[in-house]
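Reader: Please take one packing contact in this model and examine it closely, then relate it to its surroundings. What meets what there, and how is it arranged?

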Amino acid sequence: KSKKYLFEFIMSDSAPNTSGDQFSDEANSYNLSLLSIKFIDNFLIKGGHFLVKNFQGEDTEHLYKEIKKFFNKASYIKPSASDKNSKEIYILGLEKK
């Protein structure tokens with residue numbers, strides 16, 4: 001019998017290889033972030049937390065809403081170490097429902 005592992009915190013700091021084409025890079029980042037959301041249902045305990053990196057674009061709000069469905073709280077984070085012109089942001093989900 002296979003043991004199921006569960007975690008209190010899942011972080012996805014992954015990013016696609018960038019092409020220099022902003023639209024493609026944002027779309028690839030969005031799709032990668034959507035894949036990471038699948039870990040919430042399968043591996044995150046109730047009350048757990050989730051953090052995912054994303055390149056801000058037209059799909060970012062949709063991604064935020066998808067993540068928010070799983071959590072009591074959600075927010076955007078722009079690290080102070082991140083270049084102010086960078087499209088890189090994080091979405092944080094706190095307290096899985």
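Author: Contact here means heavy atoms within 4.5 Å, and helices (H or I, at least four residues) and strands (E, at least two) are DSSP runs numbered from the N terminus. The model is a predicted one, in which local features need pLDDT of at least 70 and side-chain atom pairs count only at pLDDT 80 or more, while totals for chains, interfaces and linings use all residues. Residues are numbered from 1 along each chain as its sequence is written, and side-chain values use heavy atoms, with hydrogens and water left out.

On the side of helix 1, the residues in this contact are Tyr30, Ser33, Leu34 and Ile37, and they meet His62, Leu63, Glu66 and Ile67 of helix 2. The two helix axes (lines fitted to C-alpha atoms, for helices over the stretch in contact, with angles from 0 to 180 degrees between N-to-C directions) come within 11 Å and cross at roughly 5 degrees. Helix 1 is therefore roughly parallel to helix 2, a term for angles under 35 degrees.

Isoleucine 67 links this contact to the strands and beyond: setting aside residues up to four places away in sequence, isoleucine 67 touches Ile37, Phe50, Val52, Ile91 and Gly93. In the largest nonpolar core, a set of buried (under 20% relative accessible area, 1.4 Å probe, protein chains only) Ala, Val, Leu, Ile, Met, Phe, Trp, Tyr and Cys residues joined through side-chain atoms within 4.5 Å, there are 15 residues, and Ile40, Phe50, Ile67, Phe71 and Ile91 touch the most other members. Two or more residues of this core come from each of helix 1 (22-43), strand 2, helix 2, strand 3 (71-77) and strand 4 (88-96).

The sheet beside the helices is open, with 4 strands in the order 1-2-4-3 and mixed pairing, where two strands pair if DSSP finds at least two bridges between them. Strand 1 (7-12) and strand 3 are its edge strands, each paired on one side only, and the twist averages 10 degrees from one strand to the next. Between strand 2 and strand 4, which run antiparallel, there are 6 bridges, and lysine 53 stands opposite tyrosine 90 in strand 4. Helix 1 packs on this sheet, touching strand 1, strand 2, strand 3 and strand 4, and its direction makes about 175 degrees with that of strand 2. Helix 2, for its part, lies across strand 2, strand 3 and strand 4 and runs at about 150 degrees to strand 3.

How values were computed: Buried < 20%, exposed > 50% of the residue type's maximum accessible area, 1.4 Å probe, protein only. Parallel < 35°, antiparallel > 145°, perpendicular 65-115°, else oblique.
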